[in-house]
Amino acid sequence: MLNFGDYIVYVDESGDHGLTSINPDYPVFVLAFCLFEKRVYVEQIVPRIQALKFRYFGHDMVVFHEADIRRSRPPFDILLNPTVREPFLADLTGLVESAPFTLVASCIMKESFKQRHGADGNPYHVAMEFGLERIYLELQSRGQRGRRTHVVFEQRGLQEDRALELEFRRIMDRSRMAGMADTLELVLADKKVNSAGLQLADMVARPIGRRLLRPDQQNRAYETLESKFRRDGLGRIEGWGLKCYP
């Protein structure tokens with residue numbers, strides 16, 4: 001009998017992890033981990049996303065990408081019409097808000113990171129380790145230690161995927177958290193795959209980055225997500241569901 005866990009994790013990013021040329025308008029890299037209970041994911045979340053696609057596009061082959069939606073790029077050019085854009089964004093926000101999942105985010109402030117580690121440092125690998133550790137601790141608290149839990153990342157290219165797989169194995173090998181390597185398993189998904197979980201993860205990463213960079217700016221998307229962060233017993237997010245480095 002295969003010892004699969006009750007949960008699955010989908011991961012997506014916001015910003016690039018390069019340090020050679022840092023975008024002054026968005027000098028942060030965010031890696032968002034969304035933890036779903038499989039039963040809830042299958043019975044509630046996937047049908048809601050499919051229904052939203054049928055409602056606005058007439059089919060479910062559309063893949064939700066936050067950048068395409070924000071910029072109204074095809075097939076989201078329907079959002080150039082304000083009578084469509086407003087209800088669509090309201091429905092999408094409502095979907096994310098009502099979706100039951102636990103959020104962990106690793107955020108790298110790139111200028112400070114570069115000063116500390118040099119241009120050859122890898123923000124992606126550091127963010128991945130922070131996120132995996134916190135996801136594992138959350139799974140362990142839910143009685144999932146030793147039960148195989150898949151962590152799904154989107155493919156980024158042959159060399160980057162190989163580097164990611166290697167770093168994932170290194171994190172598992174060097175971790176001092178007993179049971180982590182026996183619990184977490186990496187899955188790399190093609191960018192074209194129509195995964196509800198990856199699409200939701202794509203929706204949450206950028207609002208977190210914007211919040212860190214401009215905390216005083218109104219950010220409805222972040223407000224929608226705030227209640228989903230992993231927290232400690234006192235309700236604190238920092239260090240538990242949100243790890244910023246340095």
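This is a short walk through some helix pairs, loops and cysteines of the structure above. Keep in mind that the model is predicted.

Let us start with two helices that run against each other. The axes of helix 1 (residues 38-57) and helix 3 come within 11 Å and cross at roughly 175°. That angle is why helix 1 counts as roughly antiparallel to helix 3. If you would like to find the contact on screen, look on helix 1 for R48, I49, L52, R55, Y56 and F57. Their partners on helix 3 are V84, P87, F88, D91, L92, L95 and S98. Sorted by class, this contact holds 9 nonpolar, 1 polar and 3 charged residues.

Now compare a second pair, helix 5 (residues 123-141) and helix 6 (residues 158-174). Here the axes lie 10 Å apart, and the packing angle is about 45°. Helix 5 is therefore oblique to helix 6. Their crossing is right-handed. From helix 5, the residues Y124, H125, M128, E129 and L132 take part in the contact. On the other side, helix 6 brings A163, L164, E167, F168, I171, M172 and R174. The contact of helix 5 with helix 6 is made up of 8 nonpolar, 1 polar and 3 charged residues.

If you follow the chain on from helix 6, you can look for G179, which sits in the loop between helix 6 and helix 7 (180-183). Is this glycine buried or exposed? With a relative accessible area of 18%, G179 is buried, because the cut-off for that label is under 20%. Which residues does G179 touch, once those up to four places away in sequence are set aside? They are Y136, R145 and G146. Folding also places G179 and Q140 at 8.8 Å from each other, C-alpha to C-alpha, although 39 residues separate them in sequence.

Next, step back to the loop between helix 2 and helix 3, where S72 is located. S72 is not a glycine, and yet its phi is positive, at about 55°. This serine counts as buried because its relative accessibility is 10%. The loop between helix 2 (66-71) and helix 3 (82-98) is also home to P75. The peptide bond that joins P74 and P75 is cis, with an omega of about 5°.

There is another cis peptide bond to look for, between Y245 and P246, where omega is about -5°. You will find P246 in the segment after strand 6 (242-245).

Our last stop is the cysteines. How many disulfides does a search of the whole structure find? The search finds 0. To see why C107 has no such bond, look at its sulfur: the closest cysteine sulfur, in C244, is 4.4 Å away, which is too far. A disulfide would need the two sulfur atoms within 2.5 Å. Seen from the other end, C244 is in no disulfide either, and its nearest cysteine sulfur is that of C107. What about their surroundings? C107 counts as buried because its relative accessibility is 0%. C244, in contrast, has a relative accessible area of 31%, so this cysteine is partly exposed.

How values were computed. Residues numbered from 1 in each chain as written. Predicted model: local features only at pLDDT ≥ 70, side-chain atom pairs only at ≥ 80, totals over all residues. Heavy atoms only, no water. Axes fitted to C-alpha atoms, helices over the stretch in contact; angles between N-to-C directions. Helix = DSSP H or I, 4+ residues; strand = E, 2+ residues; numbered from the N terminus. Parallel < 35°, antiparallel > 145°, perpendicular 65-115°, else oblique. Left-handed = near helix turned anticlockwise from the far one by under 90°. Contact = heavy atoms within 4.5 Å. Nonpolar A, V, L, I, M, F, W, Y, C, P; charged D, E, K, R; others polar. Buried < 20%, exposed > 50% of the residue type's maximum accessible area, 1.4 Å probe, protein only.
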